[in-house]
Each structure stands twice: as structure tokens, then as C-alpha cells.
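The following exercises are intended for a reader who meets this structure for the first time. Each task sentence is followed by a solution that goes step by step.

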Amino acid sequence: MKRKFGDRANWRRITRRGFACRYMESREFSGYITLYTIYGLKEPLWKSYGRHTYRIADKGYSWLQYYPKDSHYIVTAMFDERQNIIQWYIDTCKVQGVTDQGVPWFDDLYLDVVVLWNGEVFLLDEDELEEALERGDISDSDYNLAWNTARRIMQSIDAHAFPFFTLSLKHRSELFHHGEFRRKF
């Protein structure tokens with residue numbers, strides 16, 4: 001199981017970045033929100049889903065990431081340089097926390113849900129989850145947690161009840177200015 005950090009400090013593709021993090025407690029959302037802004041990189045990052053290929057990391061792009069309190073998933077809303085949404089990437093996780101330096105992290109459970117800007121939904125990395133179980137990297141209960149979490153997320157998306165689509169669009173425009181959190185939060 002991999003531990004992933006919100007500041008992506010070890011991401012070698014990125015040569016210059018911005019990182020902002022805040023804890024939020026409101027009626028809409030409780031947990032950490034981070035903004036990772038790409039100012040310089042060696043080469044753009046492209047991902048293919050179905051028949052289409054999308055650029056998800058390039059100069060001026062930003063990733064707004066949610067660490068919902070007491071949940072087993074992390075939501076990353078990826079925006080282009082004009083702040084248009086590209087996709088939402090939802091990682092299943094065993095546990096999440098925060099470093100002594102205030103950087104949120106999570107232990108990835110392999111299974112992911114991607115929702116593209118046009119509404120297409122993809123379930124990813126089932127094979128990685130199966131392999132992790134076979135290798136003994138995760139337990140049966142971790143395996144079941146990943147599947148149950150992914151199913152609940154997809155049911156919520158199908159029922160138009162997954163709040164992070166509208167929440168991320170609202171927060172990207174209201175809470176951030178030039179890659180940093182606005183002063184009044």
C-alpha cells in the first residue's frame with residue numbers, strides 16, 4: 001500500500017509548484033482542502049479513458065484535493081490553466097492523516113473512480129487491487145473496504161448525490177486567488 005501526500009513533494013515531473021492547505025469545518029464539508037498549482041514541469045501528463053486522451057497536468061493547471069473527515073476516499077478536482085474542470089479523480093483509501101508539517105496524506109487502496117468533465121465515469125485499477133491482495137500487501141478487509149467504498153461512490157454519482165462536483169467548482173472560484181487561499185476563509 002502506498003502512502004500519498006497532498007504536496008506531491010516527490011513528483012519529479014514538476015519543477016515549480018505551489019501548495020496551499022486549510023482545514024474546513026462547515027455544513028457542506030469537513031476536512032482538509034489542498035490546492036496544488038503547477039508553475040513549471042518537464043513535460044505535460046496525459047491520461048486516456050475510453051477513446052479519448054486528456055491532459056491532466058501542465059503549466060497553469062491546479063488540483064483541488066479534498067480529504068473528507070472520517071472517510072475512505074480522497075477527491076481530486078483537476079483544472080486546466082483557465083480553471084475549467086478536466087476530471088474528478090477519486091482514490092479509495094484505508095486511512096488518512098496529516099504530517100507534523102500540516103500536509104494531508106492517505107494510504108491508497110488502489111481502486112479509483114474517475115469522472116470526466118462530460119460526465120463519463122470510469123472504475124480503474126481493479127487489477128492492481130487484485131494483485132495487492134494476492135501479494136499480501138493488503139488484507140481481505142482492506143480489499144472489501146476498497147470495493148465497498150467504490151460502490152458507494154458510484155451509487156452516489158449515479159443518484160446525482162455526490163457533492164464534490166459542485167463543491168469543487170464553487171471552492172475553486174471562491175476560496176482561491178492565483179493559486180493561494182484567499183485571506184478571508
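Helices (H or I, at least four residues) and strands (E, at least two) are DSSP runs, numbered from the N terminus. The model is predicted: local features need pLDDT of at least 70, side-chain atom pairs count only at pLDDT 80 or more, and totals for chains, interfaces and linings use all residues. Residues are numbered from 1 along each chain as its sequence is written, and side-chain values use heavy atoms, with hydrogens and water left out.

**Exercise 1. Positive phi angles**

Determine where His160 is placed, and state whether it is buried or exposed.

Step 1. His160 is found in the loop between H2 and H3, just after H2.

Step 2. The phi angle of His160 is positive, about 60°, although this residue is not a glycine.

Step 3. Buried means under 20% relative accessible area, exposed over 50%, and partly exposed in between (1.4 Å probe, protein chains only). His160 has a relative accessible area of 76%, and is therefore exposed.

Step 4. Tyr110 also calls for attention, with a positive phi near 75° in a residue other than glycine. Tyr110 belongs to strand S9. Its relative accessibility is 12%, so Tyr110 counts as buried.

**Exercise 2. Helix H2**

Compare the expected span of helix H2 with the distance between its end C-alpha atoms.

Step 1. The expected span of a helix is 1.5 Å times one less than its number of residues.

Step 2. Helix H2 covers residues 140-158, which means 19 residues and an expected span of 27 Å. The end C-alpha atoms of H2 are 27 Å apart, in agreement with the expected span.

Next, identify which residues of H2 are buried and what covers them.

Step 3. The buried residues of H2 include Asp142, Tyr143, Ala146, Trp147 and Thr149. Ala150, Ile153, Ser156 and Ile157 are buried in H2 as well.

Step 4. Among the elements that cover these buried residues are strands S7, S8, S9 and S10 (121-124), together with helices H1 (126-135) and H3 (164-174).

Step 5. Met154 also lies in H2, but its relative accessible area is 27%, so Met154 is partly exposed. Contact means heavy atoms within 4.5 Å. Leaving aside neighbours within four places in sequence, Met154 is in contact with Val113, Val121 and Leu123.

Step 6. Asn144 is another residue of H2. At 41% relative accessibility, Asn144 counts as partly exposed. The C-alpha atoms of Asn144 and Ala9 are separated by 30 Å, with their positions 135 residues apart along the chain.

**Exercise 3. The cysteines**

Establish how many disulfides the structure holds.

Step 1. A disulfide is a pair of cysteine sulfur atoms within 2.5 Å.

Step 2. The structure holds zero disulfides. For Cys21, the nearest cysteine sulfur is that of Cys93, 15 Å away, and Cys21 is in no disulfide. Cys93 is likewise in no disulfide.

Step 3. Cys21 has 16% relative accessibility, so it counts as buried. Cys93, with 0% relative accessibility, is therefore buried too.

**Exercise 4. The surroundings of Tyr49**

Describe where Tyr49 is placed and which residues it touches.

Step 1. Tyr49 is part of strand S4. Its relative accessibility is 5%, so Tyr49 counts as buried.

Step 2. Not counting residues up to four places away in sequence, Tyr49 touches Tyr54, Gln87, Tyr89, Val114, Leu116, Phe122 and Leu124.

Step 3. Tyr49 and Asp91 stand 42 residues apart in sequence, and their C-alpha atoms are 16 Å apart in space.

**Exercise 5. The largest pocket**

Characterise the largest pocket by its volume and its lining.

Step 1. On a 1 Å grid over the protein atoms alone, a pocket is an open set of points where a 1.4 Å probe fits, with protein on both sides within 12 Å along at least five of seven lines; lining residues have an atom within 4 Å of a point. Grid points are joined across faces, edges and corners, and a volume is the space filled by probe spheres set on the points.

Step 2. The volume of the largest pocket is about 850 Å³. Of its 30 lining residues, Lys2, Lys4, Arg8, Trp63 and Asp91 are the closest to the centre.

Step 3. Strands that each supply at least two lining residues include S1 (3-5), S4 (45-49) and S6 (62-68).

Step 4. Ala, Val, Leu, Ile, Met, Phe, Trp, Tyr, Cys and Pro count as nonpolar, Asp, Glu, Lys and Arg as charged, and the others, Gly among them, as polar. The lining divides into 13 nonpolar, six polar and eleven charged residues.
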